Amino acid sequence: MNTAPRTALTIAGSDSGGGAGVQADLRAFFANGVHGLVALTAVTVQNSLGVQGFTEIPVDVVTAQIKAVASDMGVHAAKTGMLATAEIIQAVAKTLDEVHIGRDTGTPFVVDPVAASMTGHALLREEALEAIRTELFPRATLITPNLDEVRLLTGITVTDPATQRAAAEALLEFGSRWVLVKGGHMRDTDTCVDLLYDGTEPIELTGARINTENTHGGGDTMASAITSSLAKGADVPTAVAEAKRFIERCVAEAYPLGAGVGPVSPFWRLAD
Ligand SMILES: Nc1ncnc2c1ncn2[C@@H]1O[C@H](COP(=O)(O)OP(=O)(O)O)[C@@H](O)[C@H]1O
Ligand SMILES: Cc1ncc(COP(=O)(O)O)c(N)n1
């Protein structure tokens with residue numbers, strides 16, 4: 001008989017364009033050999049040009065999805081993406097405690113604090129960022145903000161290694177075990193440096209900056225690749241290093257689709 005693979009749970013929104021959200025998460029989980037589980041939080045109406053609107057899933061349906069898969073299939077690691085409202089965030093936090101997922105439980109938990117799409121459309125009601133900070137960060141093994149999210153969360157504008165380091169210090173104060181400050185948005189550099197920090201020695205992950213406009217779903221794909229490695233038992237620095245190599249190739253193989261921004265692509269993994 002075949003044995004069950006490791007599992008990773010995404011708690012996130014749907015992207016009708018298939019490049020970000022749970023669709024990106026499932027692509028990354030699949031490409032990294034883990035079985036993807038889903039607790040859907042919202043349905044966005046979205047294409048390569050942006051987000052036209054979204055409807056959130058009722059809170060009790062969000063939490064019931066988490067309980068259903070955790071009680072039957074087991075979760076080896078989990079991540080959050082778009083969470084839409086403070087109400088959903090509070091309910092997710094309580095449910096994760098009930099099913100023993102989070103930084104002190106042995107089941108790693110990655111929080112990607114998604115606030116807006118790369119096209120600038122809000123994916124989180126305004127008051128909800130505070131709930132991510134207070135309810136989710138203290139439960140997180142790792143948080144993975146991009147530079148826009150860093151600015152919203154800390155007020156720090158990252159422009160160079162010193163401000164990236166200062167941001168990592170400030171974010172760690174919110175209570176996660178590790179912080180990854182992603183450097184994809186520092187566009188005038190020819191490298192992409194992400195900074196990983198747990199309060200001891202900062203770890204710089206450096207990759208080439210690939211010249212493409214098609215980076216839709218990059219953050220979701222990165223966080224899901226990290227979650228996949230954690231689900232397979234890697235420690236945080238190893239998981240982030242593996243994911244960095246993975247996302248670099250996904251950005252290199254990103255394709256145009258629609259009139260706007262195309263998605264990063266994990267398809268190369270299937271051909272290897
Ligand atoms: N042009 C690029 N070339 C190579 N790697 C990139 C590029 N843009 C982003 N990345 C990497 O993709 C990941 C997601 O990056 P980032 O753009 O910072 O966040 P988000 O997608 O959440 O806005 C990071 O690991 C970052 O270093
Ligand atoms: C449902 C959903 N979740 C997350 C993102 C962020 O992805 P990006 O920053 O690439 O727009 C998105 N656009 N849609």
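What distance should the 17 residues of H8 span at 1.5 Å a residue, and how far apart are its end C-alpha atoms? The expected span is 24 Å, and the end C-alpha atoms of H8 are 24 Å apart, which agrees. The structure is a predicted model.

The UniProt record, an unreviewed entry, places the feature "domain: Pyridoxamine kinase/Phosphomethylpyrimidine kinase" at residues 15-264. Over residues 15-264, helix makes up 39% of the chain and strand 19%. The end C-alpha atoms of this stretch are 14 Å apart.

An open sheet of nine strands was found. The strand order is S3-S2-S1-S4-S5-S6-S7-S8-S9, and the pairing is mixed. Strand S3 (50-56) and S9 stand at the edges. Each has a single partner strand, so one side of each is left without a neighbour in the sheet. Strands of a sheet pair through backbone hydrogen bonds, either parallel or antiparallel. Both senses can be illustrated here. S1 and S2 run parallel and are joined by nine bridges. Ala8 stands opposite Gly36 in S2. S8 and strand S9 (residues 203-208), by contrast, pair in the antiparallel sense over six bridges. Here Cys192 stands opposite Gly207 in S9. The hairpin of S8 and S9 has five residues between the strands. In this hairpin, Gly199 takes a positive phi near 95 degrees.

Helix H8 was examined next. Its buried residues are Val236, Ala239, Val240, Ala243, Lys244, Phe246, Ile247, Cys250 and Val251. An α-helix has 3.6 residues a turn, so residues three or four places apart point the same way. The cover over the buried residues of H8 includes strand S6 (142-143), strand S7 (178-181), S8, S9 and H7.

H8 also takes part in a ligand site. Around ligand 1 there are 20 residues, of which Asn146, Lys182, Gly184, Gly218 and Gly219 come nearest. Strand S8 (191-197), helix H7 (218-231) and helix H8 (236-252) are the elements that give two or more residues to this shell. H8 gives the most, with four residues. By class, the shell around ligand 1 holds six nonpolar, nine polar and five charged residues.

Ligand 2 has 19 residues around it. Gly13, Ala20, Gly21, Ser117 and Met118 come nearest. Strand S1 (7-15), strand S2 (35-47) and H7 each supply at least two residues of the shell around ligand 2. S1 provides the largest share, four residues. The shell around ligand 2 divides into six nonpolar, eleven polar and two charged residues. H7 thus appears in the account of both sites: it is listed for ligand 1 and for ligand 2.

One residue of another helix was followed in detail. Val59 is found in helix H2 (residues 59-72). Is Val59 buried or exposed, or does it count as partly exposed? Val59 has 18 C-beta neighbours inside 10 Å, and therefore counts as partly exposed. A buried residue would need 20 or more. Leaving aside neighbours within four places in sequence, Val59 is in contact with Glu87, Ile88 and Ala91. Val59 and Glu87 are 28 residues apart along the chain, yet their C-alpha atoms are separated by 7.2 Å.

Methods:
Residues are numbered from 1 along each chain as its sequence is written. Chains are lettered from A and ligands numbered from 1 in the order in which they are written. This is a predicted model: local features need pLDDT of at least 70, side-chain atom pairs count only at pLDDT 80 or more; totals for chains, interfaces and linings use all residues. UniProt positions are given in the numbering used here, feature names are shortened, and annotations may be inferred rather than shown by experiment. A residue is near a molecule or strand if its C-beta atom, placed from the backbone, lies within 6 Å of it. Ala, Val, Leu, Ile, Met, Phe, Trp, Tyr, Cys and Pro count as nonpolar, Asp, Glu, Lys and Arg as charged, and the others, Gly among them, as polar. Two strands pair if DSSP finds at least two bridges between them. The expected span of a helix is 1.5 Å times one less than its number of residues. A residue is buried if 20 or more other C-beta atoms lie within 10 Å of its own, exposed if 12 or fewer, and partly exposed in between; C-beta atoms are placed from the backbone. Two residues are in contact if their C-beta atoms, placed from the backbone, lie within 7 Å.
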